[in-house]
Amino acid sequence: MRVLCAFPEAMPSSNSRPPACLAPVALFLALLLHRSLSSQAGDRRPLPVDRAPGMKEKTLILLDVSTKNPVRTVNENFLSLQLDPSIIHDGWLDFLSSKRLVTLARGLSPAFLRFGGKRTDFLQFQNLRNPAKSRGGPGPDYYLKNYEDDIVRSDVALDKQKGCKIAQHPDVMLELQREKAAQMHLVLLKEQFSNTYSNLILTARSLDKLYNFADCSGLHLIFALNALRRNPNNSWNSSSALSLLKYSASKKYNISWELGNEPNNYRTMHGRAVNGSQLGKDYIQLKSLLQPIRIYSRASLYGPNIGRPRKNVIALLDGFMKVAGSTVDAVTWQHCYIDGRVVKVMDFLKTRLLDTLSDQIRKIQKVVNTYTPGKKIWLEGVVTTSAGGTNNLSDSYAAGFLWLNTLGMLANQGIDVVIRHSFFDHGYNHLVDQNFNPLPVSDYWLSLLYKRLIGPKVLAVHVAGLQRKPRPGRVIRDKLRIYAHCTNHHNHNYVRGSITLFIINLHRSRKKIKLAGTLRDKLVHQYLLQPYGQEGLKSKSVQLNGQPLVMVDDGTLPELKPRPLRAGRTLVIPPVTMGFYVVKNVNALACRYR
């Protein structure tokens with residue numbers, strides 16, 4: 001082969017080498033270039049190229065939603081709440097009449113309120129009006145209870161809802177209670193870690209306060225009865241439960257019922273195991289107790305409230321469904337994502353963690369559909385981190401990603417109700433803290449927005465431009481999660497037929513979404529939640545469209561103002577954020593009727 005070389009005239013010719021000697025070098029470089037191009041063609045990875053200013057990003061995502069028929073329809077009370085019986089032990093049950101607490105609970109209505117938890121199976125009912133006065137002993141409980149009685153008599157304002165008692169507790173009273181609760185929390189933690197639990201006494205007066213709180217807050221009470229009271233033959237001893245049922249009926253309390261809490265742990269907690277078939281017989285026995293009581297003859301019954309569906313738990317559920325699958329109105333189980341003692345802030349952003357729930361749902365559905373196809377399934381007592389949570393983590397903005405994704409995933413996979421543990425108590429996992437402030441801040445406000453904007457009808461989302469595997473310049477599907485529902489028809493700011501999207505962006509870069517198909521050129525209202533302050537993901541404060549969210553000084557909830565986006569505008573989702581987007585006037589057929 002003959003090689004022709006050309007050199008600039010300015011190059012000195014006396015020291016230059018003959019052009020022919022460059023042929024081997026040129027051939028070597030050509031071979032290297034060919035191998036490089038072949039390798040890149042094999043794995044189809046584009047070379048990184050600097051984009052020219054104004055050039056459109058390749059990561060633009062096209063989004064459309066099926067509007068003819070919903071893929072799922074969940075319960076109107078889909079997002080619901082739980083109160084742990086430990087509030088009897090630490091004294092907070094006496095403060096459920098707080099105006100501020102009732103206001104926060106009302107924001108999340110309509111919903112179920114499950115009264116249950118680890119201490120459900122150590123709860124005993126006594127029909128006494130005021131045990132502190134009957135004992136006559138001048139201890140701290142005596143003064144707290146009598147002080148609270150005085151408030152109920154003198155400083156209670158009857159609410160607009162008939163019969164609701166709402167109290168303004170003095171600051172000194174709350175401070176005394178917080179000190180008492182802190183001491184009792186240490187006792188409760190010791191019990192939890194040693195698996196030795198003391199009995200709790202629920203009086204008639206305490207039940208009245210619990211029901212008053214639920215009724216005034218627009219919540220339907222579900223009461224979990226003690227299943228660990230056993231006869232010598234291991235059958236359920238229903239004497240205490242029957243006393244509670246008769247008292248509740250005499251007060252005409254509208255209550256649904258459960259029996260026990262995580263029966264798969266009974267051997268560890270009490271040294272006595274209850275298998276699935278025996279638990280099924282216990283539920284049938286409870287049903288027979290309810291039927292002769294006129295007000296409860298058609299009361300709903302839920303269970304068996306099992307734990308994470310491991311092999312032994314699935315066996316328990318299988319035995320239960322064989323015997324009592326048709327007795328319960330919904331099958332219930334619990335889930336905890338992380339061990340609260342080892343959690344890190346970045347754990348809340350791991351897609352593998354966000355997806356752990358999906359496999360559990362399939363396991364539960366498989367057993368339930370084997371015996372009672374189509375039976376409703378509830379996730380009760382869901383919590384992000386165990387052991388009460390971790391300060392500055394469980395109560396941070398970052399924890400909200402796990403909670404919002406849980407709501408989206410459960411509705412998409414057909415779970416009828418999710419019950420958040422716990423609405424109010426000691427610790428960092430709860431929606432409201434002991435100062436009656438939202439905690440974790442993002443979780444309460446997320447829940448409030450969800451209630452205001454999201455309806456029960458779930459819609460199918462269609463996207464283009466997402467990739468499952470990471471590629472340069474592309475969006476990973478698992479890190480950008482998009483869910484769609486019909487907008488809540490109780491929200492009079494939006495006409496029926498509107499659609500609400502909620503989007504989680506776990507990417508460290510912003511993502512652009514172009515609404516297409518039925519959503520094209522529609523006006524959008526944005527509700528973007530971001531951390532407020534300098535702490536970033538660990539922030540305990542949250543802002544909505546740039547404005548910090550806090551309760552108003554008079555104890556009312558703030559107005560949740562959207563940011564209107566002009567029709568046809570591309571949605572820009574900031575990095576590591578979450579938000580709701582109401583697409584107005586879509587006239588979606590699936591959303592026009594209830």
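**Note on the predicted model: disulfides, one helix pair and backbone outliers**

1. E262 counts as buried, because its relative accessibility of 15% falls under the 20% limit. The residue sits in the loop that runs between β10 (255–259) and α9 (266–270). E262 is not a glycine, yet its phi is positive, at about 45°. For context, most residues other than glycine have a negative phi, and most peptide bonds are trans. The structure is a predicted model, and the values in this note should be read with that in mind.

2. A second positive phi belongs to D521, where the angle is near 60° in a residue other than glycine. D521 is also a loop residue, placed between β22 (511–515) and β23 (524–531). Is D521 buried or exposed? D521 is exposed, since its relative accessible area is 53% and the class begins over 50%. The two positive-phi residues therefore fall into opposite classes, E262 being buried and D521 exposed.

3. Two cis peptide bonds deserve a look. One joins G303 and P304, with omega about 5°. P304 belongs to strand β11 (residues 301–306). The other cis bond links H421 to S422, and its omega is about -5°. S422 is in the loop between β15 (417–421) and α15 (441–453). The residue after the cis bond is thus a strand residue in the case of P304 and a loop residue in the case of S422.

4. As for the chain overall, 15 helices and 28 strands make up its secondary structure. The chain has 594 residues, and 53% of them count as buried. Among contacts in the chain with a separation of 6 or more, 80% are between residues 24 or more positions apart.

5. How many disulfides does a search of the whole structure find? The search returns two. With the bonded cysteines of the chain numbered in sequence order, they pair as 1-2, 3-4. A disulfide is a covalent bond between the sulfur atoms of two cysteines.

6. C164 and C216 form one of these disulfides, with an S to S distance of 2.3 Å. C164 is in the loop between β6 (156–158) and β7 (165–167), while C216 is in helix α7 (residues 204–216), so the bond ties together parts 52 residues apart in sequence. The torsion about the S-S bond is about -120°, which means that this disulfide is left-handed. Both ends are out of the way of solvent by the accessibility criterion: C164 counts as buried at 1% relative accessibility, and C216 is buried with a relative accessible area of 1%.

7. The other disulfide pairs C486 with C591, and here the sulfur atoms are 2.0 Å apart. Strand β20 (residues 480–487) holds C486 and the segment after β28 (577–583) holds C591, so this pair connects parts that are 105 residues apart in sequence. The link of C486 and C591 is left-handed, with -75° about the S-S bond. C486 and C591 are buried.

8. One helix pair is worth describing. Helix α11 (residues 311–324) and helix α13 (residues 356–371) have axes that come within 9 Å and cross at roughly 20°. Because that angle is under 35 degrees, α11 is roughly parallel to α13. The crossing of α11 past α13 is right-handed. On the α11 side, the contact is made by I314, L317, D318, M321 and K322; on the α13 side, by K363, I364, V367, V368 and Y371. Sorted by class, the contact of α11 with α13 has seven nonpolar and three charged residues, and no polar ones.

9. The last point concerns N234, a residue of the loop between β9 (219–225) and α8 (239–250). N234 is buried, with a relative accessible area of 19%; the limit is 20%. Which residues is N234 in contact with, leaving aside its neighbours within four places in sequence? They are R272, A273, V274 and Q278. N234 and Q278 are 44 residues apart along the chain, and their C-alpha atoms are separated by 8.3 Å.

Definitions and conventions:
Residues are numbered from 1 along each chain as its sequence is written. This is a predicted model: local features need pLDDT of at least 70, side-chain atom pairs count only at pLDDT 80 or more; totals for chains, interfaces and linings use all residues. Side-chain values use heavy atoms; hydrogens and water are left out. A disulfide is a pair of cysteine sulfur atoms within 2.5 Å. Helices (H or I, at least four residues) and strands (E, at least two) are DSSP runs, numbered from the N terminus. Buried means under 20% relative accessible area, exposed over 50%, partly exposed in between (1.4 Å probe, protein chains only). Axes are lines fitted to C-alpha atoms, for helices over the stretch in contact, and angles run from 0 to 180 degrees between N-to-C directions. Angles under 35 degrees count as roughly parallel, over 145 as roughly antiparallel, 65 to 115 as roughly perpendicular and the rest as oblique. A crossing is left-handed if the near helix is turned anticlockwise from the far one by less than a right angle, and right-handed if clockwise. Contact means heavy atoms within 4.5 Å. Ala, Val, Leu, Ile, Met, Phe, Trp, Tyr, Cys and Pro count as nonpolar, Asp, Glu, Lys and Arg as charged, and the others, Gly among them, as polar.
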